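Me: Please take a close look at the hollow spaces of this model. What lines them, and how far can I trust the coordinates?

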Amino acid sequence: MKLKIIIVSILFLGFMQMQGQPINGQDSNADHINVITTAVPFLMIAPDARAGSMGDAGVSTKADVYSMHWNPAKYAVMESDMSVGLSYSPWLRNLVPDMNLAYLAFAKRIDNMSTFAATLRYFTLGSIQFTNDQGIEIGNYDPNEWAVDATYSRKLTDNLSGAVSGRFIYSNLTQGQDVQSIETSAGWSIASDVAVFWQKDVNWFPDISSNFAWGINISNIGAKVGYSQFTIKKDFIPTNLRFGPTLTLDIDDYNTIAFSIDVNKLLVPSPPIYLRDSLGPVLIEGTDEYVIDKGMTDDVSVVKGMVQSFYDAPGGFGEEMRELSFSVATEYWYNKVFALRGGMFYEDASKGNRKFFTLGAGLHYNVFALDFSYLIPVNSGNSTGTNPLQNTLRFALTFDLAEMGNKE
């Protein structure tokens, strides 16, 4: 049977390479396109509207029920004793009309020192038509992926908290259909996060109360994923290092503004550059492996891949620095009721070329909060002048269950 897998490829691999086309067709050792691709990239999509309106920044922002994705150590200092949140985002609607991401989060304080939280992330690729080798339709299927996780977050000192999370990941892209005569199956993995968060009131500005915070989160440390029992070489999941600071200024009793920076780096090996001749890549004699011209092999274990990711880029230190992506954000609150947010995300052209601004607003009233975000891409991303990220919206609704119980 022949699967129309090209749609999935565009969404998860081709999209990243399409975003990273070189300017004026240049392709030198200094600026070659060398995008790092992984399995289950849906784990890296910002799931909530608040951080989604802040350029995907959230490792050290104020804790909320959606902190699992950004930094689960923040749960230990979350103000609410018990919260539940639901977020929804239509995704890449310029490519596929029925792709969606839904996110359900729950957090409950155990005591003054510790908090338990759990989330469910569900990603559907919409309806995809399958055909056999003769092009005859054999049915419509709905590829989907999901992840469920839980965390325990605890205060370690008055200012420092830490967390360890566990995650089960399930990816069913092919619905069990054969691809190029290979029987496929759903991929799955078990992963974990390790995170810390630190915050403290500081006296850096006269007559203005301020708070400084920083956070570090290493997420998705887990086994590789394969989509067939016959697969020998499996794909890395998106193990990611996220870190950065936040400065919050309480201007007066009614006005608060915060400034945040997030830095991200995939802890996944960089693809090497293979030696080529007039016929294409050169094979090592007597094997089916290609000769590496620059860089290092990416066929390594998960732990070695995490360590190697800091020094294996074919372009050397300069390319390693280009593998960093940045988020810069600000959040303004009036009377702790109404919020305005904005942010910017930057990724190097050779590593994906995602560049966008984000805007959003939030309303917090009694026991519920409503948040909204909108994404504005900077570059068109392809020759058609459109960007797959255009018109990306996110909506989130949060309920403070503890406060709701007190009111009753």
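Reply: Helices (H or I, at least four residues) and strands (E, at least two) are DSSP runs, numbered from the N terminus. α3 (67-70), β3 (114-124), β6 (144-155), β11 and β12 each give at least two residues to the lining of the second largest cavity. A cavity is a set of points on a 1 Å grid over the protein atoms alone where a 1.4 Å probe fits but cannot get out; lining residues have an atom within 4 Å of a point. The model is predicted, local features need pLDDT of at least 70, side-chain atom pairs need 80 or more, and totals for chains, interfaces and linings use all residues. Numbering runs from 1 along each chain as its sequence is written, and side-chain values use heavy atoms, without hydrogens and water.

The whole structure holds two cavities of 30 Å³ or more. The second largest encloses about 140 Å³, the space filled by probe spheres set on points joined across faces, edges and corners. Its lining has 17 residues; Leu43, His69, Arg121, Arg167 and Asn220 lie nearest the centre. By class, that lining has six nonpolar, six polar and five charged residues.

Now the largest pocket. Its space is about 1,200 Å³. The lining has 43 residues, with Arg50, Lys62, Ala63, Glu79 and Trp333 nearest the centre. Of these lining residues, 17 are nonpolar, 15 polar and 11 charged. β11 (209-222) and β12 (240-250) are among the strands that each supply at least two residues to this pocket's lining. β11 and β12 also serve the second largest cavity.

As for trust, mean pLDDT (confidence per residue, 0 to 100) is 86 for the chain, and 84% of residues reach 70 or more. Residues 1-30 stay under 50. Where pLDDT is low, the predicted coordinates should not be read in detail.

Note on methods
1 Å grid on protein atoms, 1.4 Å probe; cavity = no way out; pocket = protein on both sides within 12 Å on 5 of 7 lines; lining within 4 Å. Nonpolar A, V, L, I, M, F, W, Y, C, P; charged D, E, K, R; others polar. pLDDT = per-residue confidence, 0-100. Contact = heavy atoms within 4.5 Å.
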